[in-house]
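Work through these exercises with the sequence and the 3D structure open. Try each task before you read its solution.

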Amino acid sequence: MAKKEAKKISAKATKAELPAETAPKKTRIPATPQPPRGMKDILPVEEKFWSFVRGKAESIARAYGYDWLETPILEETPLFVRAIGKQTDIVEKEMFTFVDQSGESLTLRPEATAPIARAYVNHGMLNLPQPVKFFYIGPMFRHERPQSGRYRQFNQFGCEILGDAKPVIDAELIILGVRYFDDLGIPVGVEINSIGDAAERAVYREKLIAYYRSHRSALCENCKLRLVKNPLRLLDCKEEGCRKVRGGAPQLVDFLNDENRNHFMKVLEFLDDADIPYVMNPYLVRGLDYYNKTVFEFVPRETQPAGEVGAEAEARQSSLGGGGRYDPLVEILGGRATPGAGFAIGLERVILRLKEINAPVPETPRPAVYLAQLGEPAKRKALAIFEELRRAGIPVAATFTKDALKAQMEIANKLGVKYAIILGQKEVLDGTMIIRDMDAGIQELVDAKKIVAEIRKKLATPGSEEPKLPS
RNA sequence: GUGGCCAUAGUGAAACGGUUAUCACAGCGGGUUGUGGUCCCGCUAGUAUGGGUUCGAUUCCCAUUGGCCACCCCA
């Protein structure tokens with residue numbers, strides 16, 4: 001559209017301004033701008049998925065007593081550097097960071113936990129009854145190479161609990177997450193692990209490095225790098241050889257102190273009680289610095305119990321969400337030491353999964369009535385009738401820009417409305433209107449004054465009411 | 001950041017290096033200005049961008065941009 005106009009205008013201008021022989025044969029049209037890489041328009045055809053996943057997110061979070069909290073999309077860069085950690089991939093190479101006009105470094109938020117912890121400190125929420133519980137739904141930004149289920153701008157639904165260190169908090173979050181997927185009709189499992197505290201991880205790290213050094217020759221090239229760069233990541237390498245080595249590797253859980261081990265056991269007990277399907281995954285580690293103790297991921301389960309549990313099947317599974325405890329975070333941000341835990345779920349991935357398993361998703365509500373008009377006087381009257389119907393709470397559609405009745409009936413048909421109201425010259429004079437049943441093709445003449453009542457009656461009739469929301 | 005595959009109307013596809021780039025669907029307009037679904041006719045709209053090879057490039061080569069997929073990492 002814009003492209004078309006641009007072409008015509010510039011072609012015309014060229015002709016008018018330049019002598020015929022100097023006019024270029026082909027006018028150069030600047031290409032229409034595209035969305036930035038890894039970002040996309042979400043079109044109306046996608047709406048039902050978005051309102052479904054957002055709606056269910058909000059309702060379950062509220063049901064569990066979480067309050068809505070929205071933080072700015074931009075934050076001061078140091079917030080993320082301090083919270084997430086300088087050495088992490090997110091901070092090192094994935095942040096959209098820029099300097100604004102006043103020379104301040106700002107960053108498009110790559111996640112929401114740090115901003116929420118920041119808000120907790122800023123607003124002195126330690127004075128509220130603890131713990132405080134928040135949920136959010138909104139866009140996050142990471143400068144990564146786009147891929148299946150991975151975008152540079154993506155949306156997360158997340159829940160955070162601040163101000164309580166008890167294991168039941170960890171369990172509650174996991175349960176809430178699983179229930180959310182239940183609501184959506186997506187079968188998921190939970191993978192869970194405990195990564196202890198920084199001190200324990202440091203000890204474990206040394207042991208792990210020592211172990212892997214002794215098996216260095218069996219490792220892939222990548223893992224040889226990881227050995228020095230990011231030893232914990234050795235554990236989730238998918239290479240055959242590395243997986244074998246992993247089998248004999250020391251496990252982090254064995255390095256936990258009594259308190260942390262006990263905490264972890266308690267979390268698992270709560271999950272057992274709630275019948276939450278989980279798998280202990282000793283190799284699950286989280287990338288962000290602020291995590292401690294419990295870490296977990298929500299992973300999609302095959303709808304039908306597939307026999308294959310091979311490397312292939314596992315590798316294909318990208319997690320739908322994850323989270324964990326982050327007791328050190330608030331203090332890192334300069335607040336009084338306050339424990340916390342939370343999770344984030346990637347909504348694009350959730351929608352992708354909904355489509356993969358063909359889960360039933362409610363249709364977006366559509367107008368049930370179309371108002372067609374013919375002729376000037378009818379058009380004027382139709383505007384008033386439209387408003388009358390709208391105020392009566394009847395979803396009505398109309399196209400006042402179209403004059404031909406035929407064109408309007410075509411639209412009515414495409415919208416799939418149950419009834420069309422037809423208002424022409426004759427009807428205006430007679431004070432009547434035609435109600436046409438689109439499926440049956442029958443129409444009747446009604447008193448214009450009773451139009452709202454008539455339509456309401458028809459829509460209420462059992463036969464005409466289509467159950468559109470399977471829930 | 002690394003690698004593989006890819007790029008033709010709004011969408012999906014076609015076009016041995018050779019006239020005017022084809023088709024379907026969608027869109028718009030008609031089929032004597034009062035009736036939709038099916039039908040008929042017409043119109044709109046395209047080789048991502050920039051170079052190169054060639055008498056001639058949608059076709060071959062390079063770069064850029066973007067898409068898909070994998071790695072890395074993560075949601």
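**Before you start**

The model is predicted: local features need pLDDT of at least 70, side-chain atom pairs count only at pLDDT 80 or more, and totals for chains, interfaces and linings use all residues. Residues are numbered from 1 along each chain as its sequence is written, while chains are lettered from A and ligands numbered from 1 in the order in which they are written.

**Exercise 1. Find the partners of strand β14.**

Step 1. Start with one residue pair. Leu371 has Ile421, in β14, as its bridge partner. Helices (H or I, at least four residues) and strands (E, at least two) are DSSP runs, numbered from the N terminus.

Step 2. Widen the view to the strands. β12 (residues 369–373) pairs with β14 in the parallel sense, over five bridges. Two strands pair if DSSP finds at least two bridges between them.

Step 3. Now take β15. β14 and β15 run antiparallel and are joined by four bridges. Here Tyr419 stands opposite Asp437 of β15.

Step 4. Check the cover. Five of the five residues of β14 (residues 419–423) are buried. Buried means that 20 or more other C-beta atoms lie within 10 Å of the residue's own; exposed means 12 or fewer, and partly exposed is in between, with C-beta atoms placed from the backbone. Tyr419, Ile421 and Leu423 are on one side, Ala420 and Ile422 on the other, and both faces are covered.

**Exercise 2. Give the strand order of the eight-stranded open sheet, and name its edges.**

Step 1. The order is β1-β5-β6-β11-β10-β9-β7-β8, with mixed pairing.

Step 2. The edge strands are β1 (67–68) and β8 (278–280); each has a single partner strand, so one side of each is left without a neighbour in the sheet.

Step 3. Pick one pair inside the order. β5 (residues 132–141) and β6 are antiparallel, with 10 bridges. Lys133 has Ile161, in β6, as its bridge partner.

**Exercise 3. Sort the residues of helix α9 into buried and exposed.**

Step 1. Cys242, Val245 and Arg246 are buried in α9 (residues 240–247).

Step 2. Look down the axis of α9. Its buried residues fall within an arc of 105° (taken from the directions from the helix axis to the C-beta atoms), so they line one face of the helix.

Step 3. Turn to the face away from the buried side. Glu240, Lys244 and Gly247 are exposed there.

**Exercise 4. Compare two residues with positive phi.**

Step 1. Asp275 is not glycine, yet its phi is near 60°. Lys293 is not glycine either, and its phi is near 50°.

Step 2. Place them. Asp275 is in the loop between α10 (258–273) and β8. Lys293 is in strand β9 (residues 292–300).

Step 3. Count neighbours. Asp275 is exposed because 8 other C-beta atoms lie within 10 Å. Lys293 is buried because 25 do.

**Exercise 5. Describe the surface near RNA strand B.**

Step 1. A residue is near the strand if its C-beta atom, placed from the backbone, lies within 6 Å of it. Of the 54 residues around RNA strand B, Ser148, Gly287, Gly346, Gly424 and Lys426 come nearest.

Step 2. Helix α15 gives the largest share, six residues.

Step 3. Split by class: 16 nonpolar, 18 polar and 20 charged. Ala, Val, Leu, Ile, Met, Phe, Trp, Tyr, Cys and Pro count as nonpolar, Asp, Glu, Lys and Arg as charged, and the others, Gly among them, as polar.
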